[in-house]
Every structure is written in structure tokens, then in C-alpha cells.
Amino acid sequence: NNNVPPSSSSSSHLPQYVKNNLDKYGYEYYCNVCAIGFTKEKNYQQHIAGRKHAQMEADEAISWHDFITDCPTWVTMMMMTDQDCDTDNTTTTKNDDKDTVLLDVCTKWRESELSLFPHDHSCIDTSLTISDLSPQLRARFWRYLRDSFGMHYPELPKIIHYISLRDSQYLRVKELFETCEAFQIIGTIIASTTSDDVDDNVEVDCIYDLACGHGLLGILLAYRFPTKKVVCVDLEERKSYHVFKSAFVTLGESYQNRTPLSNLEYRVDDLRNIQEEVVESSFLVSIHACNEANKYVADMSRKANAGWAVMPCCIRSGLYLRGASILDLSSEDRYKVLCGVFAEANDARLVRKISRDITARPIIIAGWGMLSDRSSCAGEEGGRG
């Protein structure tokens with residue numbers, strides 16, 4: 001059975017990064033299931049016979065079953081790579097080490113793994129798609145989705161796999177990580193409006209994804225909050241939006257007999273034209289909009305005492321610094337300074353960031369008149385999650 005996970009009791013087929021750690025720490029024995037090394041065989045054997053290892057082995061079998069079920073062609077591609085290695089000692093991953101054919105779908109995702117994805121300068125390559133990834137990195141991306149969303153949205157890996165078979169050009173790895181990470185932060189902020197621990201709540205009932213681009217953030221928010229209206233707004237409607245939406249409608253789970261994304265709307269319009277619709281129960285979002293667009297989002301929200309969150313791409317210093325010059329700062333330091341200035345100028349209540357490996361513009365700034373007492377936004381209430 002080719003779908004059985006590789007043996008974990010041997011170190012002969014470990015990924016190279018694990019072998020490097022073995023050399024670094026002087027381990028002679030390694031349990032690949034539990035990702036732990038040992039210097040003595042006695043300790044290794046005791047571990048193998050223990051209950052924790054047995055539980056991990058059971059979890060490993062479940063992980064492999066789920067991976068094969070969610071993304072069957074990703075497993076097939078690994079097998080093809082394995083066969084290539086057996087026949088001509090080469091691999092489609094452009095790595096001469098035959099050991100890299102081992103897939104790790106069992107080890108919990110670690111943010112540090114983002115550094116393993118191909119980079120262009122200091123961030124994940126913007127042109128890199130899921131189909132460009134090695135089988136090993138594709139497996140680790142599956143594990144990222146499982147660990148980040150599996151509790152509430154276990155169907156998400158299937159949806160991404162579905163798109164990879166039909167329109168893989170729209171699955172840019174950097175954009176997927178970026179949108180998913182922003183979604184987790186912004187979704188938590190929106191969910192906090194339903195918290196029973198906060199007095200005088202104004203629950204969000206309409207979310208606007210402004211300058212939405214591919215629209216995936218708005219789609220994820222509409223999927224998480226099926227009882228809230230979500231409106232995506234941009235100057236043009238991209239095919240990628242329809243690709244993502246179709247996949248969620250096809251494979252997504254219904255909520256209280258509602259068709260997935262029946263609460264989602266798309267408008268081809270200037271984002272400023274929604275001003276008259278924005279009320280206290282609205283929430284405005286914009287990811288990597290430029291210059292004045294971030295200011296428009298904050299201004300429209302504050303005027304209505306509504307919630308807002310932006311991840312600025314660029315901020316023109318002249319909008320806030322009143323003639324002050326920024327000299328001798330790197331682009332990254334300049335960005336941080338201007339995000340701080342923007343947050344202060346717009347009475348922001350929360351500043352968060354995603355990994356710098358994903359984007360050089362990783363800061364999320366959020367504000368809301370009702371948000372000051374819950375700035376930690378730790379809740380995960382509301383909607384599906």
C-alpha cells in the first residue's frame with residue numbers, strides 16, 4: 001500500500017533539515033513520529049514503548065488518512081517524484097538528495113517553516129504558486145491549513161486542492177499565507193463584537209472588503225460569518241474572485257440550510273462610494289491598499305463610529321507628517337514609522353503583524369469606538385468558528 005506513511009523508527013530516510021539537527025545536537029537516535037532525538041538507544045527504546053509515542057503514531061495515521069483524502073493528487077505527485085528518484089536519481093524538486101521524497105504531514109506546523117518556502121529577497125516569492133512547490137512543501141502547506149483552520153473549517157484543504165486542479169495560477173503562495181493570516185486576526189476582531197463579556201455591544205452586521213483584489217479575504221469572512229452581509233468592492237472584477245467563490249460554494253459546508261456564500265456580494269466601484277452605507281454596525285477592511293485608500297477606510301469608519309482594519313502597503317508621509325522629512329531610514333523602518341503615525345492619527349486600538357517571511361508590509365492596524373475595552377480580541381466566537 002503506497003499510502004502508508006513512511007516508517008518513523010529509522011533515521012535513514014529523514015528530511016535533510018532533520019539530519020542537520022541530529023548532527024547539531026549529537027543525537028544518535030530519532031523518532032520521526034514525535035520529532036524528538038536521543039543520544040542513547042535505551043532512552044529511544046523506552047520512548048518507542050511509551051504511551052505518548054503510541055498516541056502520536058495513532059495521530060500520524062489519522063493525519064495521513066486526512067491528507068490523502070483532502071489532497072489525493074498531491075500524494076500522487078510525491079509518488080511520481082519517488083519513482084523518478086528510483087530510476088534516474090533525480091527529482092522534480094530540484095534537490096539531489098533522494099531523502100527529500102519523504103513527506104511530513106504529521107509534525108505540527110511551526111511559523112519558522114515559512115523560511116523554507118522559496119523567497120525573492122526577504123519574503124516568499126510573489127510569483128510562486130502551489131503547483132510550483134515541491135511535494136514536501138505542499139504537504140507542509142496542508143499541515144498549515146489543518147493546524148490553523150482544522151478545528152472550524154476542516155474542509156479548507158479540500159477547497160484549496162480543488163482549485164489547484166482547475167486554476168492553480170490563482171493560488172499564489174504568498175497571497176494565500178497573507179490572506180489566511182490576516183483573516184485570522186480580523187475575523188477574531190469581528191467575532192469579539194458578539195462577546196457577552198462586553199457591555200453595550202454593537203454587533204457587526206455588514207463587512208466591506210475594500211480594494212479587495214482577488215477577493216479571498218472577503219470570501220473567507222463571508223464563509224466564517226454566514227449571517228453577516230459581506231461586500232467586496234474594487235475597480236474591476238477579477239476572475240480569481242469567481243474561481244475562489246465557486247470552489248467554496250461547491251465544497252463548502254452549508255450553515256443552517258444556507259447555501260455557502262449566499263451572504264456575499266461583489267461591486268465594481270470606487271471604495272469611497274460606500275460612505276453613505278457605513279453605519280456603526282459596519283466593519284471596513286482593506287489589505288495592502290495604497291496611500292489615500294487606507295485613510296479613506298479609516299475616515300469613513302470613524303465618521304460612523306464603525307470598526308475598521310487595514311494592512312497598509314504604502315503610506316505617503318505627506319498625509320500625516322505635515323512636512324517633516326524621513327531621512328536615512330530603510331524602506332522597512334520607514335514603513336514601521338508611518339504605520340505608527342497612521343495608527344496614532346486614526347485613534348487605532350490594536351496593532352498586530354503577520355510573519356515578515358510572508359510580506360515586507362506585515363502590519364495590521366485596527367480601530368473602533370467600542371474596541372478599547374477588548375483590544376486583545378482574544379475571543380473566537382460568532383458564526384461557524
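In the predicted model, Arg-166 is placed over the face of Tyr-162, at a distance of 3.7 Å from the centre of the ring. This arrangement of a charge over a ring can be set beside the pairs formed between aromatic rings, of which a search of the whole structure finds 20. A pair of this kind is described by the distance of the ring centres together with the angle of the planes.

In one of these pairs, the centres of the rings of Trp-109 and Tyr-144 are 5.3 Å apart and their planes stand at 65°, and since an angle over 60 degrees counts as edge-to-face, the pair is assigned to that class. The two residues come from distant parts of the chain, Trp-109 from the loop between helix 4 (72-88) and strand 3 (119-120) and Tyr-144 from helix 5 (residues 135-149), with their positions 35 residues apart. Both Trp-109 and Tyr-144 are buried.

A further pair is formed by Tyr-153 and Phe-183, whose ring centres lie 6.2 Å apart and whose planes are at 55°, so that the pair is tilted. Because Tyr-153 belongs to the loop between helix 5 and helix 6 (156-166), whereas Phe-183 belongs to helix 7 (residues 173-191), this pair ties together parts of the chain that are 30 residues apart in sequence. Tyr-153 is buried, with a relative accessible area of 7%, and Phe-183 is likewise buried, with a relative accessible area of 3%. Ring pairs join the four residues named above, Trp-109, Tyr-144, Tyr-153 and Phe-183, into a cluster that also includes Phe-117, Phe-141, Phe-149, Phe-177, Tyr-223 and Phe-248.

Phe-183 also takes part in the packing of helix 7 against helix 8. The axes of helix 7 and helix 8 (residues 216-224) come within 9 Å and cross at roughly 40°, and the two helices are therefore oblique to each other; their crossing is right-handed. On the side of helix 7, the residues that meet helix 8 are Leu-176, Thr-179, Phe-183, Ile-186, Gly-187, Thr-188, Ile-190 and Ala-191, while helix 8 contributes Leu-216, Leu-217, Leu-220, Leu-221 and Arg-224.

With regard to the chain as a whole, eleven helices and eleven strands are present, and buried residues make up 50% of its 385 residues. Among the contacts in the chain with a separation of 6 or more, 70% are accounted for by residues that are 24 or more positions apart.

How values were computed. Residues numbered from 1 in each chain as written. Predicted model: local features only at pLDDT ≥ 70, side-chain atom pairs only at ≥ 80, totals over all residues. Heavy atoms only, no water. Phe/Tyr/Trp six-rings, centres within 6.5 Å; stacked < 30°, edge-to-face > 60°. Helix = DSSP H or I, 4+ residues; strand = E, 2+ residues; numbered from the N terminus. Buried < 20%, exposed > 50% of the residue type's maximum accessible area, 1.4 Å probe, protein only. Lys NZ or Arg CZ within 6 Å of the ring centre and 35° of its normal. Axes fitted to C-alpha atoms, helices over the stretch in contact; angles between N-to-C directions. Parallel < 35°, antiparallel > 145°, perpendicular 65-115°, else oblique. Left-handed = near helix turned anticlockwise from the far one by under 90°. Contact = heavy atoms within 4.5 Å.
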